[in-house]
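Open the model in your viewer and keep the selection tool at hand. The stops below say what to select and what is found there.

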Amino acid sequence: MAARWSNRLQNASRRISTIESWNASGRVTRATGMVLEATGLRLAVGAACKIEISPRHNHWADAEVVGFHGNTLYLMPQSDISGLPPGARIIPGETTVVQVDDRTPEEADETPLTSQARHLPVGDALLGRVLDAAGRPLDGLGPVNHVSQASLNAHIINPLARAPIDTVLDVGVRAINGLLTVGRGQRMGLFAGSGVGKSVLLGMMARYTAADIIVVGLIGERGREVKEFIEHNLGPEGRKRAVVVAAPADVSPLLRMQGAVYATRLAEYFRDQGKNVLLIMDSLTRYAMAQREIALAIGEPPATKGYPPSVFAKLPALVERAGNGAPVGGKPAGSITAFYTVLTEGDDQQDPIADSARAILDGHIVLSRKLAEAGHYPAIDIEASISRVMNAIVPQAQFSMVHQFKQMLSRYQRNRDLIAVGAYRQGNDPKIDEAIEKYPWLEAYLQQSINSRIDYTRASKELAGLLGHPATGDVNGKA
């Protein structure tokens, strides 16, 4: 009896194995610009799917659900879709999770709702590697092994559980260390137009900053700049402890946005290991522009200077993921100190993205085109820059010196034209006389060679020596 049932089960198993597996699929009904419309599937916003471009050559393109209207899904492809035929088949991504409700699929009028959380590689094996926005290597060093997969959606940290910013972070740049001191876990903006040296300054900080791990996100930049930044600005020493995520300007806006989120997720992974991470994002503006392209393509109305409201909701959601973590099990919390570059079109500081970024960041460093054209590098406009946590992490004496430095520099700049034409007579104002006397040393303090590293202690001593406070120091041997 048992043998008979065993034979029946084996025969049934063989018949079942010959049946093709069932997969839900939909069809493309419309292709307009960057957006495809599809029906036949119920996918959540953000879900991944694949579009069959050529059945004969087994050619598929990745896409993502960016919106829906009724039973129509709005998809945006992540790669070229040349040759896409009408009615092309669409299937959900590989890891699809079916949402459970009280009805069975037979009882429901539509197919069950499906969604997918994107998972990309994270791990120590990524150090020294250059990846694209999908976690694929770009450096020709072979596949990435010994890594785990992590969701791009990170757990939100309770703001009251975050460790406070109470430690100075040495970035190796004298003007920042001495006058715009950065704290470990701070989020800073680097505001600059094109061609004023922001990439060089980022490269200096990447090489000289006292951090365990460096994560660099090159988002929406020219492809040529990616290799240049890695080889010349980051350098071999910086690359050893760095992971670079590159999503240049010629890739899909979805991949540009995903590249920024992936770089942030990598930084979060290392922070959760208790590491102190330096996150460099170049640039936050390109991230916002990518979201604008997507939002406008699916019909969201523009608001401020062509930017839809969703752009200004995405920016804080990305930036707030950086910062200090929460202590776990008595162990000190890791940190993410982030520098986001913000492109100011035409050097307009009232650009909507620049204005929004200033409101959500913990400070900003403004690079001046006028200084760059005069050969003043790094071209930091100290008067327009600020570090909002500096007062909490440096001695009060240094904070007072910073005010004295800025007042003296500002006093000279306000009277520069009078001084240049000889209209000002020495002795009329002792404070202006002091500014004129010390201006060459003030200017020298703000300048630094790309190949020199000046730590926080030295920068503080040189500032005290320059202003005549009880400390020793010199500025390029002049004090």
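Which residue follows helix 6, and what is the sign of its phi? Select Gly299: this residue comes after helix 6, and its phi is positive, near 100 degrees. The model is a predicted one, in which local features need pLDDT of at least 70, side-chain atom pairs count only at pLDDT 80 or more, and totals for chains, interfaces and linings use all residues. Residues are numbered from 1 along each chain as its sequence is written, and side-chain values use heavy atoms, with hydrogens and water left out.

**Helix 6**

Now select residues 284-297, which form helix 6. Helices (H or I, at least four residues) and strands (E, at least two) are DSSP runs, numbered from the N terminus. The 14 residues of helix 6 should span 20 Å at 1.5 Å a residue (the expected span is 1.5 Å times one less than the number of residues), and the end C-alpha atoms are 20 Å apart, which agrees. Buried residues of helix 6 include Leu284, Tyr287, Ala288, Gln291 and Ile294; buried means under 20% relative accessible area, exposed over 50%, and partly exposed in between, with a 1.4 Å probe and protein chains only.

**Strand 15**

Go next to residues 213-219, strand 15. Seven of its seven residues are buried, so strand 15 is largely enclosed by the rest of the structure. On one side are Ile213, Val215, Gly217 and Ile219, and on the other Ile214, Val216 and Leu218. In a regular strand the side chains alternate between the two faces of the sheet.

Add strand 17 (residues 276-282), which runs parallel to strand 15 and is joined to it by six bridges; two strands pair if DSSP finds at least two bridges between them. Val277 in strand 17 is the bridge partner of Ile213. Strand 16 (residues 242-247) is also parallel to strand 15, again with six bridges, and there Ala246 stands opposite Leu218.

**Ala338**

Select Ala338 in strand 19 (residues 335-343). Ala338 counts as buried because its relative accessibility is 0%. It touches Gln186, Arg187, Met188, Leu279 and Ala322, not counting residues up to four places away in sequence; contact means heavy atoms within 4.5 Å. Gly189 is 149 residues from Ala338 along the chain, yet their C-alpha atoms are separated by 8.3 Å.

**Ile176**

Finish at Ile176, whose contacts include Val171, Leu201, Met205, Ile365 and Ile380, not counting residues up to four places away in sequence.
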